[in-house]
Amino acid sequence: MPATKYNCSQSTFYAAAHEGADRLTENLEDFTNLFPEYTLEFVQGLKARLDAADALPDQDARKLLAETIWLEVDNMRKDSAYQFGLFLSTIDRICEAALRNTTYDAAGRKYYMDAKNGDLAKVISMYSSLIPFIEENWAALSTVGKMTTAQRDEWIAKQAAYKARYEALSAAERAVKEKKDEKINANNACFDELMAYTKLAQRIYANNTVMMKYFTFASFRSEVETVKNAGLSGKITNILNKDTLKGATITILNYNKSAVTEKSGKFEITPLSMGKYTVIVTCPGYETQTFEDVKIKTGVMTRLNVKMVALPQAVGAH
């Protein structure tokens, strides 16, 4: 996975980059005088690429698919290890005690404990030893060990099924990694563009130390991380009768901030840093509501009015 070029959270980076683009717009004439390519359309393109990078998902269906397949493969791993443990008793019947350890290893025991303890890849290795071992020792396994053809075929089928799902898991995990890499690469490309015009600003304002500091990533970041009465406020009501709801909890995920409404149904959460947040609204007797990408802007109280839907057993509750 590529490393990020910015030393801050992703949401802070997007906010800081937009702040930088806004400053570029405010002082565009100074740039255009020396660098004609810096037009309003150029800045709009910068913002569009930034928004496109922001829109790329962090968590998506690919991750869920990989997690689902992993559970399948892990269950198959557990079953394979359990069945292999039982198979060792069959080896006991066909092999003299002095030769058992060597025979166990030939059958794949050296991979068994790792597979039993959660190593998915070692199950592949275990099967790679076990299936040839069964074929090479079939005469003794079938006569002395009382192993049936159906049991042999079941082992072969287990190997094929496990290999297929393991390969599917590997493919799904690669897709997740590629998606993460795509977002990081897109963010880094935006960061490079941001650094390009801040570097030009140092030339443009070589005799103006105030403006030189104004056009630095540290300055952009400081602006968006400095709380200026930014926050979230609103009212929680019943969608049917518009009654206000007391006791509703409004939680901002990953920020450790929340509020509970009083009789008025109103709430306010402040201060908040500029960025995008996930807001969850809960209230006893009502369906939980989740709001993704709620934008908080510097110096602005963002308004979020929520109309709650009563659960069937709670219809009529206020």
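Start by selecting R77 in this predicted model. R77 is buried, with a relative accessible area of 6%. Add D74, whose side chain meets that of R77 in a salt bridge of 2.7 Å, N to O. D74 is buried as well, at a relative accessible area of 8%; the cut-off for buried is under 20%. Both residues sit in helix α4, three residues apart, about one turn of the helix. Now include K78: D74, R77 and K78 are linked in a network of salt bridges. The structure holds 13 salt bridges.

Stay on α4 and select E72 together with R165. Their side chains form a salt bridge, 3.1 Å from N to O. E72 belongs to helix α4 and R165 to helix α9, so the pair ties together parts that are 93 residues apart in sequence. E72 counts as partly exposed, at 34% relative accessibility, and R165 is partly exposed with a relative accessible area of 27%.

Next, keep α4 and α9 (149-204) in view and colour the lining of the second largest pocket. About 250 Å³ of space lies in this pocket. Among the residues that line it are Q83, F87, R93, M147, W155 and K158. Helices α4 (61-94) and α9 each supply at least two residues of this lining, and the largest share, five residues, comes from α4. By class, the lining has four nonpolar, four polar and four charged residues.

Move along α9 to E193 and select R49 with it. The two form a salt bridge in which the closest N and O atoms are 2.9 Å apart. This pair links distant parts of the chain, with R49 in helix α3 and E193 in helix α9, 144 residues apart. R49 is partly exposed, with a relative accessible area of 39%; E193 also counts as partly exposed, at 24% relative accessibility.

E193 leads to the next stop, since this residue is one of those that line the largest cavity. Select the others too: A17, A21, L46, K47, L50, C190, L194 and Y197. About 90 Å³ of space lies in the cavity. Helices α1, α3 and α9 each supply at least two lining residues, and α9 gives the most, with four. The lining has seven nonpolar, no polar and two charged residues. In total there are two cavities of 30 Å³ or more.

From α1 and α3, turn to the largest pocket, which has a volume of about 970 Å³. It is lined by 29 residues; select S11, D54, G275, K276 and D293, which lie nearest its centre. The elements that give two or more residues to this lining are α1 (10-26), α3 (40-55), β5 (275-282) and β6 (289-296). Helix α1 gives the most, with seven residues. Colour the lining by class to find eight nonpolar, eight polar and 13 charged residues.

Finish at the surface with I239, L240 and V309. These residues make a nonpolar surface patch of about 280 Å². Centre on L240, which is found in the loop between β1 (231-238) and β2 (249-252). L240 is exposed, with a relative accessible area of 70%.

Terms used: Residues are numbered from 1 along each chain as its sequence is written. This is a predicted model: local features need pLDDT of at least 70, side-chain atom pairs count only at pLDDT 80 or more; totals for chains, interfaces and linings use all residues. Side-chain values use heavy atoms; hydrogens and water are left out. Patches are made of residues with over 30% relative accessible area and no salt bridge: like charges are joined within 9 Å, nonpolar side chains (Val, Leu, Ile, Met, Phe, Trp, Tyr) within 5 Å. Accessible areas come from the Shrake-Rupley method with a 1.4 Å probe; for residues, only the protein chains shown count as cover. A salt bridge is a side-chain nitrogen of Lys or Arg within 4 Å of a carboxyl oxygen of Asp or Glu. Buried means under 20% relative accessible area, exposed over 50%, partly exposed in between (1.4 Å probe, protein chains only). On a 1 Å grid over the protein atoms alone, a cavity is a set of points where a 1.4 Å probe fits but cannot get out, and a pocket is an open set with protein on both sides within 12 Å along at least five of seven lines; lining residues have an atom within 4 Å of a point. Grid points are joined across faces, edges and corners, and a volume is the space filled by probe spheres set on the points. Ala, Val, Leu, Ile, Met, Phe, Trp, Tyr, Cys and Pro count as nonpolar, Asp, Glu, Lys and Arg as charged, and the others, Gly among them, as polar.
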